[in-house]
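Dear colleague,

I am handing over the structure below, and after it you will find an account of what turned up when I went through it. Please read the two side by side.

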Amino acid sequence: MASGWGTAQRNLSISGTPLTIGGQKFARGVGTHANSRMRLALYGKAKRFLTKVGVDDSAGGKGSVEFIITADTKVLWRSGLITGGTPAIPVTLKLDGVRELILEVTDHGDGSGYDHADWADAAIEMIDSAAKPVALPTYDTVVIKTDHFSVQFRVGDDRRLYQQSIGLENADDTLTRTEEAYPPSGNGYIWEPALQVIHTDGNTSTDLLFNRVTQTNEAGHSELTKIQLHDPAYPLEVVLCFRTYPAFDLIEQWTEIRHRESNPIQLIRMASSSLVFNPTNLNLMHFFGDWAAEMNPVTEPLTPGIKILDSKIGVRAHQYSNPSFILSLDGRPAENAGRILAGSLAWSGSFQCAFDYNGGQVRALTGLNPFASIYHLAKGEIFTTPAMIWVWSGHGLGEMSRKFHSWARDFGFRDGHQPREVLLNNWEATGFDFDFNRIVALFDPAKEIGAELFLLDDGWFGNKFPRIDDRAGLGDWAPNRLRFPNGLAPLTAAAEKRGLHFGIWMEPEMVNPKSELFERHPNWVIAQPKRELDLQRNQLVLDLTRPDVQKFEQKVIWGILNVPGITYAKWDCNRFLTQPGSSWLSADRQSHLWIEYVRALYKLMAQTMEAFPKTELMLCSGGGGRVDYAALKYFHEFWPSDTTDPMIRATMQWDYSYFFPLMTVASHVTHSGNRSMHFTCSVAMSARFGMDLDLAKLSAADKVVCARTIATYKHIRSVTQLGDLYRLENPHANPRCCMSFVSKDQARSILFVFQMRDAELKPVRPEGLDPKKSYVIRELNPLTGRHLLSQEGKSFRGDELMQNGIIPNCLKAAEACVIELGQ
Ligand code: DGJ
């Protein structure tokens, strides 16, 4: 039995005196000292465990402990707080079938001084003829495991927790600090730490020792492992949490921190995840961008030093860099081969993903950006970091994405098994220039070509400061009386009359200085006192840490979504933070703004989802400025970019698809890039399809293409949205972009070919088909006047198709071909 002080004693207290609890003496038992632990192998052959526990009188009435008894990772019994002088507590527990028993005494979080603890009269009753229980090494390994992946942790003799480098086949037995699982700074660890704390007394060092591990099965899908660490010198506890979804090879990881120091401690750094990798052949693929140019991939080998991907802009935080990345353990990542661990941080605020290559290992530290974000953690409060999502694939990027997508359909976004309606948006068609009649005039042609949902974009509100351009009106959410004299209800009724659902745009977090809201509440904005207001798109961010702003934004959203007939909303956010000052947070808590803003935002999003469970929501931030799995959980889809030129979009959608199913990636037909309607429609149809066109101004020929595309989309959406994605030809490296979707039963597949440059005709090799099934080839929505596919109407076996391919009929840049492989 390991003891936190001295050596555990047989039939005596830790001080060597007779075992005595609350004045009662015991001849037999074990005397120990918190934090104490013993592991016993029982082989499923034990019947009962009996004991009487308490603080030994040798502590002179002092001491405070908790006894915990765990059987096969499940806590069987815990005493709660027991203090010195309390009479012995009798315990009798059934042990039927138990293989491993753990006896623990903790200091109950207040330091271990005088924590003399006795397991008096301790006895294990075995079934007749069973071998005696055997003591196991006190600490062992903790394995976080999915179907094809595992991360192994080991407790060292120094009781620190170590992690075996991912990608290292033969782990060496010597444990060095560079492999510490969640290294804290200031006590020997010299590289980029996972945790940096300033304790109440000013001590800048932390040490973390292993306490215990618990594993709980959650509703059959997932398992939650919590590894508790504590600082032996301070009442500080850190819990590393891992939720595994074995079938998806997906792990959600986060960290919980709490303490019982007398005053708040300062958290300087607090990573969500801190995994160590073998650097041999380790490549990082990450994504940078800007407004209208999101998600550009860069792949690079990691080299000694620290590579940081980050955002310090708090809101619309992903404008320049997305917190999703790919680590390939076998050189440059490939679509169908190689070991991959993809990461996606579920956080919509400032983030940091740092890859610290210290010459020996690479440590991936991910989480909140420590930049200007010191968090004062009060006694007893639990600080929960954002979750990091890791997905493993042993066979390249394709398998990785399919696992990500399948998981996301169940857990990552809303209604993931429900195909989406055809949407018509007015933004690219009208901009701010519309009124009741102009919008209603769009409904009939929308219905005629088969649209199912109309989305009214920015520009419908504001009276004293009408929102007729982007200079005024944000914050004043009453419909503009000149444009909509009777409010929005007649508009939604007109849509409903034509069988169209109705959606609306909102940007609840923002305000224009030219607004009644700003006139009334100039102190509601995030700004720095004594500095001139720094506007972006003529607007400011409302300070969502303020309870009055929280109430206001909630009221705005409720007011809009409660209009009868509204079934859909686009939640936009068009600027980031440049002057992070809050009029609500006190002078010494200004650094909390980065974190508290996002927490308040999630609360608002969650309340919205709960209050309007049937309203579909699009996540938008001037395009892809807010794309992550924490926000997406409250939404159905996101607007990836204000760039809608299909030549650019095809590639961008490809890159988003590494992490996000294409049914969450909104893709609208516009005139951007001046491409053919057939090409534009084909690209939009491969994702969450919509149109942003003035149908009245469309040529008759283009209208026909649009109507046919809509009919085709309705025919294929159950496959493209609910099926598995196979990326076939990468547009970054090939003259065309090819991908296909395969229905889960492998009965149908839809193949998309987008020609990026002129090229010779070559077959495309589909994947994911059932080799033995026959598939009939049929071009969908064929381009008028173009020759038929040479294989049109013919039937081939899946294995033949996957080997010999299908010859499309497009070869010039900006041409497309969509092919169904059906029964
Ligand atoms: C930015 C969005 O990305 C656009 O689609 C549009 O909704 C505008 N905002 C409206 O202001």
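To begin with the ligand, one of its oxygen atoms is 2.8 Å from an N or O atom in the side chain of Lys-570, and please bear in mind throughout that this is a predicted model. An oxygen atom of the ligand likewise lies 2.8 Å from an N or O atom in the side chain of Arg-537, while a polar side-chain atom of Asp-458 is found 2.6 Å from a ligand oxygen. How much of the ligand does the protein bury? Taken alone, the ligand exposes 300 Å², and the protein buries 98% of that. The ligand is surrounded by 13 residues, of which Asp-457, Asp-458, Lys-570, Asp-572 and Asp-642 are the closest. By character, this shell divides into 6 charged, 4 nonpolar and 3 polar residues.

Turning to the nonpolar interior, the largest core comprises 188 residues, and within it Leu-456 and Trp-460 have the most contacts. The element that gives the most to this core is helix α7, spanning residues 593-611, which supplies 11 residues. A second core, separate from that one, has 23 residues, among them Leu-42, Ile-69, Ala-71 and Met-126.

For Trp-460, if residues up to four places away in sequence are not counted, the residues touched include Phe-434, Trp-477, Phe-484, Leu-488, Ile-504, Trp-505 and Ile-560. Ala-478, Pro-479 and Asn-480 are also among the residues that Trp-460 touches, and these three appear again in the surroundings of Asn-463, which, leaving aside neighbours within four places in sequence, is in contact with Ala-478, Pro-479, Asn-480 and Arg-481.

Asn-463 itself is placed in the loop between β34 (453-456) and α4 (489-497). Which backbone atoms lie close to polar atoms of the Asn-463 side chain? The backbone nitrogen of Arg-481 is 2.8 Å from a polar atom of that side chain, and the backbone oxygen of Pro-479 is 3.1 Å from a polar atom of it. As for distance across the model, Asn-463 and Glu-179 are separated by 284 residues in sequence and by 61 Å in space, taken C-alpha to C-alpha.

Helix α9 (residues 646-656), in which Thr-651 lies, is mostly covered, with 10 of its 11 residues buried; these include Pro-646, Met-647, Arg-649, Trp-654 and Tyr-656. At the start of α9, a side-chain oxygen of Asp-645 comes to within 2.9 Å of the backbone nitrogen of Met-647. Is Thr-651 buried or exposed? Thr-651 counts as buried because its relative accessible area is 15%, which is under the 20% cut-off. Apart from neighbours within four places in sequence, Thr-651 is in contact with Pro-731, His-732 and Met-756.

The last site is Ser-743, in the loop between β44 (736-742) and β45 (749-755). With a relative accessible area of 12%, Ser-743 is buried, by the cut-off already applied to Thr-651. Its side chain reaches the backbone nitrogen of Ala-747 at 3.2 Å, and, not counting residues up to four places away in sequence, Ser-743 touches Val-719, Gly-723 and Arg-748.

With kind regards

Definitions and conventions. Residues numbered from 1 in each chain as written. Predicted model: local features only at pLDDT ≥ 70, side-chain atom pairs only at ≥ 80, totals over all residues. Heavy atoms only, no water. Core = buried A, V, L, I, M, F, W, Y, C linked by side-chain atoms within 4.5 Å. Buried < 20%, exposed > 50% of the residue type's maximum accessible area, 1.4 Å probe, protein only. Helix = DSSP H or I, 4+ residues; strand = E, 2+ residues; numbered from the N terminus. Contact = heavy atoms within 4.5 Å. Near = heavy atom within 4 Å. Polar contact = N/O pair within 3.5 Å; in protein donor to acceptor, adjacent residues only side chain to side chain. Areas by Shrake-Rupley, 256 points an atom, 1.4 Å probe, with all protein chains shown as cover. Nonpolar A, V, L, I, M, F, W, Y, C, P; charged D, E, K, R; others polar.
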